[in-house]
Amino acid sequence: MFEVSHVTKRYGKLAANRDVSFSVGDGQIAVLMGPNGAGKSTIIKCITGLLRFSGEITLGGFPNKSLEAKRLLGYVPELPAVYDMLTAGEHLEFIARAYRLEDWEPWARQLLERFELEDKRGKLGRELSKGMQQKLSICCAMLPQPRVAIFDEPMVGLDPHAIKELKALFSELRAKGASVLISTHMIDSVEDYWDVAHIMVDGSFAATRRAGEAAEDGQTLEELFFSITEREGRA
């Protein structure tokens, strides 16, 4: 699991995150939602160790910037960051070497086939379309079979087949006991498989809802989202 405790991130006088605390358990899928500028990508970058912050974040009990924590992490950023002069296949080899993986080739081949990239194995990163770069980013994040998987708007730019495979991967990660966090604007795309949802407004959580609670009150995740964000917008 991973835990975020009293995290605040400031850019000068602007507080992008304000005293954010939450955790994602083993075998749990958490969804992070909110309007643009709510602080979703900022808290994700704090978790993944890309930003400095005040507070504490642990992955599997290890400080998030430690080598032990990074070995547990798979991260798909909002914008794919591929290397222009590495081929798709070399990207996966780079990840395998960085994580010191053994016998990784069959899983790499399966990922490329699932996301329809096997025939693009020899293509340079700069030769891939944005959608293909996004699919390669997903393959790289999943290659180490992470215990903590974080996705920032992962479905943007994906074709229907890739979205179907990505949803299947979410379920597989959960079944294997991984902790999964998904930030998304595409609420309908996560409606069927979330365990807990957090709605961010102005850098902090405005509401948290568990799947069982939503079933009890009959309110869909989309209805909850708009009730919170539209109310905050009128305040």
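The exercises below, each with a worked solution, go through parts of a predicted model.

Residues are numbered from 1 along each chain as its sequence is written. Because this is a predicted model, local features need pLDDT of at least 70 and side-chain atom pairs count only at pLDDT 80 or more, while totals for chains, interfaces and linings use all residues; side-chain values use heavy atoms, with hydrogens and water left out.

**Exercise 1. The sheet**

Task: Find the order of the strands in the open sheet of 6 strands, and state which strands form its edges.

Solution: Begin with the terms: strands (E, at least two residues) and helices (H or I, at least four residues) are DSSP runs, numbered from the N terminus, and two strands pair if DSSP finds at least two bridges between them. In general, strands of a sheet pair through backbone hydrogen bonds, either parallel or antiparallel.
Reading across this open sheet, the order is 6-7-8-3-9-10, and the pairing is mixed. Strand 6 (73–76) and strand 10 are the edge strands, since each of them pairs on one side only. On average, neighbouring strands of this sheet are turned by 15° against each other, direction ignored.
Next, look inside the sheet, where strand 3 (residues 28–33) and strand 8 (residues 179–183) run parallel and are joined by 5 bridges. In this pairing, Val 31 has Ile 182 of strand 8 as its bridge partner.

**Exercise 2. Helices on the sheet**

Task: Determine which strands helix 1 (residues 40–47) touches, and how helix 5 (residues 130–142) lies.

Solution: Contact means heavy atoms within 4.5 Å, and angles, from 0 to 180 degrees, are taken between the N-to-C directions of axes, which are lines fitted to C-alpha atoms, for helices over the stretch in contact. Helix 1 packs on the sheet and touches strand 3, strand 6, strand 7 (148–152), strand 8 and strand 9, and its direction makes about 150° with that of strand 7. Helix 5, in turn, lies across strand 6 and strand 7, and runs at about 175° to strand 6.

**Exercise 3. The buried side of helix 4**

Task: List the buried residues of helix 4 and explain why they lie on the same side of helix 4.

Solution: A residue is buried under 20% relative accessible area, exposed over 50%, and partly exposed in between (1.4 Å probe, protein chains only). In helix 4, the buried residues are Trp 107, Ala 108, Leu 111, Leu 112 and Arg 114. They cover an arc of only 165° around the axis (taken from the directions from the helix axis to the C-beta atoms), so they are on the same side of helix 4. These buried residues pack against helix 3, helix 5 and helix 6 (160–175).

**Exercise 4. Positive phi values**

Task: Compare the surroundings of Asp 103 and Asp 202, and state whether each is buried or exposed.

Solution: In general, most residues other than glycine have a negative phi. Asp 103, however, has a positive phi near 50°, and it is found in the loop between helix 3 (88–98) and helix 4 (105–114). Its relative accessible area of 69% makes Asp 103 exposed.
Asp 202, which is not a glycine either, has a positive phi of about 55°, and it lies in the loop between strand 9 (196–201) and strand 10 (204–210). At 54% relative accessibility, Asp 202 is exposed. Glu 116, just after helix 4, also takes a positive phi, of about 55°.
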